[in-house]
Amino acid sequence: MNASPVRVTFLGSGDAFSAGGRHQAAYLVRGGGACFLLDCGAGTLTSMKRHHLDAAAIDLILISHLHGDHFAGLPFLFIEYIYEQPRQRPLRIAGPPGTEERVWSLFRAAYKDLASKPLPFALELTAMLPDVPVTFEALNVEPFRVPHQETEISLGLRVGVAERSILYSGDTGWTEELVTRSQGTDLFICECSFFETRKPFHLDYPRLAEEHARFGAKRLILTHLGREVLARRNEVEIETAADGLTVEL
Ligand SMILES: [Zn+2]
Ligand SMILES: [Zn+2]
């Protein structure tokens, strides 16, 4: 089969409220010469250091949507690259439309003086549009729109790297896209915010348990775990993530 493995580390398996003390959304993917993040929640750098992972190795950050628990960790990576591990090679960030403006306004809000000076590395910001595939060297990304925000665009991402494919739901309510896009994937990283609560803009465990058999992924791991899910974990029969979990594809 495929010689070089692809490793996915769950840096943050919690929701926006850091239920259970878990970090917010961030997943590190390494393999095929690529090192990238899927989302960058507020505690991303903390979690990388706790798990002895090298933040300097990141070349690309894919953002599913512009909620703080998915992108508020960026200013801390920027200051890491300014002071602690001075960086010269470019950093690429790709996210939904509006990413460039929101990333800069977040950095300005967090570190006004630094944000007013040129960065020592090139920051390349790219907008991803639903159903417009993008290629970043060894990576193929298929973004698609998911139901999570009313006006702004939230994306699910299907990523191909080193002959493996990963589906990441981002934050989403139920959509048949999850069934379609998961076919033939090696890993499906799926949000599971609720248990007893059912909302059109997040997923709940009973719904996922009901639809589980229709997904076409070799492995399904639930993440973005909220308080209700953690309280009833003994009833959950699908694999769940933990901060620091690394899986090999
Ligand atoms: Zn979220
Ligand atoms: Zn969200």
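## Cysteines without partners

In this predicted model, the sulfur of C192 has its closest cysteine sulfur in C190, 7.3 Å away. That is too far for a bond, because a disulfide needs two cysteine sulfur atoms within 2.5 Å. C192 is also buried, at 0% relative accessibility.

C35 counts as buried too, with a relative accessibility of 10%. By the distance rule, the count of disulfides is zero. C35 is thus in none, and the nearest cysteine sulfur, in C40, is 12 Å from its own.

## The site of zinc ion 1

Four residues coordinate the zinc ion (ligand 1). They are D69 and D171, each through OD, and H70 and H224, each through NE2. The distance is 2.1 Å. In sequence, these donor residues follow the spacing D-H-x100-D-x52-H.

The site of the zinc ion (ligand 1) is irregular, with angles of 89 to 160° among its four donor atoms. A tetrahedral label would need all angles between 85 and 135 degrees.

## A shared aspartate

D171 serves both metals: it bridges the zinc ion (ligand 1) and the zinc ion (ligand 2). The two ions lie 3.6 Å apart. D69 lies in helix α2, while D171 sits in the loop between β10 (164-168) and α6 (177-182), so the pair ties together parts 102 residues apart in sequence. Are D69 and D171 buried or exposed? Both are buried.

## The site of zinc ion 2

Which residues coordinate the zinc ion (ligand 2)? They are H65 through NE2, H67 through ND1, H148 through NE2 and D171 through OD. Their distances run from 2.1 to 2.4 Å.

The angles among the four donor atoms of the zinc ion (ligand 2) span 92 to 167°, and this site is irregular. Along the chain, its donors are spaced H-x1-H-x80-H-x22-D. Two of these donors, H65 and H148, link distant parts of the chain, 83 residues apart. H65 is in the loop between β4 (60-62) and α2 (68-71). H148 is in the loop between β8 (139-146) and β9 (154-161).

H65 is buried, at a relative accessible area of 0%. H148 counts as buried as well, at 9% relative accessibility, because the cut-off for buried is under 20%.

## In brief

The model has zero disulfides. Its two zinc ions, ligand 1 and ligand 2, are bridged by D171. Irregular geometry is found at the site of ligand 1 and at that of ligand 2.

Note on methods
Residues numbered from 1 in each chain as written. Chains lettered and ligands numbered in written order. Predicted model: local features only at pLDDT ≥ 70, side-chain atom pairs only at ≥ 80, totals over all residues. Heavy atoms only, no water. Donors = N, O, S within 2.8 Å, 3.2 Å for Na, K, Ca; no water. Tetrahedral: all angles 85-135°; square planar, octahedral: opposite > 155°, others 65-115°. Helix = DSSP H or I, 4+ residues; strand = E, 2+ residues; numbered from the N terminus. Buried < 20%, exposed > 50% of the residue type's maximum accessible area, 1.4 Å probe, protein only.
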